[in-house]
Amino acid sequence: MNKELQKIISDLEDRLSNKRFRHSVGVMYTAASLAMRYGIDINKACTAGILHDYAKELSDEKLMDICKKDDVIITDYEKEKPYLLHGKAAACLVKNKYDIDDEEVLSAIAHHTVGKVRMTPLEAIIFIADYIEPNRKMIPGLTEIRRESFNDYNKACGMILENVIKYINEIADDEIDEDSRITFEYYKRYL
Ligand SMILES: [Fe+2]
Ligand SMILES: [Fe+2]
């Protein structure tokens, strides 16, 4: 682990609640393991993994402000549910704070929340690691998704999206947004 990454980890320990810090470390190591499996740059995976929830504990107003200041496109659904912007806001903040100019790392952070169509391998493994890291509480389907994550990451993305949509429809009794529907339509082909 390089010095920069060590500094980021110790900053995050101060910045985030204990629970969120533990989750972030879990995502970092899970992303590193997936990176080893798929031949992805491990340092990039660790950096995106540890930083993905950098903005998660900020208020809705703050998240909107950060994104507006950086000219980030905010969808109508995100305006309704600003917490969904914590990935995009984190990418804006860490770009300046840690001089991260790797667009793929920033994009993996920005899109970890709901994923997107045609994710790059790095984007996909961050999306997956967020869902499967060891501190996550056991939910139906998680064991199969964890196993599939190390076999076919595109299929694992499809399984996660399917699970999330099922949860939103059946348990939260809410409707999914248009972007998530399009993303799932794309990943369905891998199921
Ligand atoms: Fe998140
Ligand atoms: Fe997370």
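Reader: Where is the place of Thr30?

Author: You'll find Thr30 in helix 2. Keep in mind as we go that this is a predicted model.

Reader: Why does Thr30 count as buried?

Author: The cut-off for buried is under 20% relative accessible area. Thr30 comes out at 10%, so it counts as buried.

Reader: What is Thr30 in contact with, leaving aside its neighbours within four places in sequence?

Author: Its partners are Ala129, Ile132, Glu133 and Pro134. To count as a contact, heavy atoms have to be within 4.5 Å.

Reader: How do you know that the side chain of Thr30 has a polar contact with Gly26?

Author: The limit is 3.5 Å for a pair of N or O atoms. A polar atom of the Thr30 side chain lies 2.7 Å from the backbone oxygen of Gly26, so the pair qualifies.

Reader: Let's go to the metal. What makes Asp53, His86 and His112 donors of the iron ion (ligand 1)?

Author: Distance does it: for iron, a donor is an N, O or S atom within 2.8 Å. Asp53 uses OD and the two histidines use NE2, and these lie 2.1 to 2.2 Å from the ion, so they count as donors. Along the chain, the spacing is D-x32-H-x25-H.

Reader: Which residue coordinates both iron ions, ligand 1 and ligand 2?

Author: That's Asp53, and the two ions are 3.4 Å apart. Asp53 and His112 link distant parts of the chain, 59 residues apart. Asp53 is in the loop between helix 3 (42-51) and helix 4 (60-69), while His112 is in the loop between helix 7 (103-110) and helix 8 (121-132).

Reader: Are Asp53 and His112 buried or exposed?

Author: Buried. Asp53 has a relative accessible area of 2%, and His112 also has 2%. Buried means under 20%, so both residues pass.

Reader: Why is helix 3 called mostly covered?

Author: Of its 10 residues, 7 are buried. Those are Ala45, Cys46, Thr47, Ala48, Gly49, Ile50 and Leu51. The cover over them includes helix 1 (3-15), helix 2, helix 6 (86-97), helix 7 and helix 8.

Reader: What reaches the backbone nitrogen of Asn43 at the start of helix 3?

Author: A side-chain oxygen of Asp41 does, coming to within 2.9 Å. With the limit for a polar contact at 3.5 Å, that pair counts as one, so the start of helix 3 has a polar contact.

Reader: How far from Asn43 is Met1 in space?

Author: From C-alpha to C-alpha they are 7.5 Å apart, with their positions 42 residues apart in sequence. Met1 is in the segment before helix 1. Beyond its neighbours within four places in sequence, Met1 is in contact with Gln6, Ile9, Met28 and Tyr29.

Reader: Why does Met1 count as exposed?

Author: Exposed takes over 50%. Met1 has 52%, so it counts.

Reader: What makes Asp99 and Arg118 worth a look, given their phi?

Author: Neither is a glycine, yet phi is positive: about 55° for Asp99 and about 50° for Arg118. Asp99 is in the loop between helix 6 and helix 7, and Arg118 is in the loop between helix 7 and helix 8. At 68%, Asp99 is over the 50% cut-off, so it is exposed. Arg118, at 59%, is exposed too.

Reader: How many residues line the largest pocket, and which lie closest to its centre?

Author: The pocket holds about 1,400 Å³ of space. It is lined by 40 residues, with Tyr131, Arg136, Ile139, Val164 and Tyr167 closest to the centre. Helix 10 (153-171) gives the most to the lining, with 10 residues. By type, the lining has 18 nonpolar, 8 polar and 14 charged residues.

Reader: And which residues lie nearest the centre of the second largest pocket?

Author: They are Glu78, Lys88, Val114, Gly115 and Asp179, out of 16 lining residues. The volume is about 270 Å³. Helix 11 gives the most to this lining, with 3 residues.

Reader: How do the residues of the lining of the second largest pocket divide?

Author: There are 6 nonpolar, 5 polar and 5 charged. Gly is classed as polar, so Gly115 belongs with the polar ones.

Conventions: Residues are numbered from 1 along each chain as its sequence is written. Chains are lettered from A and ligands numbered from 1 in the order in which they are written. This is a predicted model: local features need pLDDT of at least 70, side-chain atom pairs count only at pLDDT 80 or more; totals for chains, interfaces and linings use all residues. Side-chain values use heavy atoms; hydrogens and water are left out. Donors are N, O and S atoms within 2.8 Å of the metal (3.2 Å for Na, K and Ca); water is not among the atoms, so sites may look incomplete. Helices (H or I, at least four residues) and strands (E, at least two) are DSSP runs, numbered from the N terminus. Buried means under 20% relative accessible area, exposed over 50%, partly exposed in between (1.4 Å probe, protein chains only). On a 1 Å grid over the protein atoms alone, a cavity is a set of points where a 1.4 Å probe fits but cannot get out, and a pocket is an open set with protein on both sides within 12 Å along at least five of seven lines; lining residues have an atom within 4 Å of a point. Grid points are joined across faces, edges and corners, and a volume is the space filled by probe spheres set on the points. A polar contact is a pair of N or O atoms within 3.5 Å; within protein, one must be able to donate a hydrogen and the other to accept it, and residues adjacent in sequence count only if both atoms are side-chain atoms.
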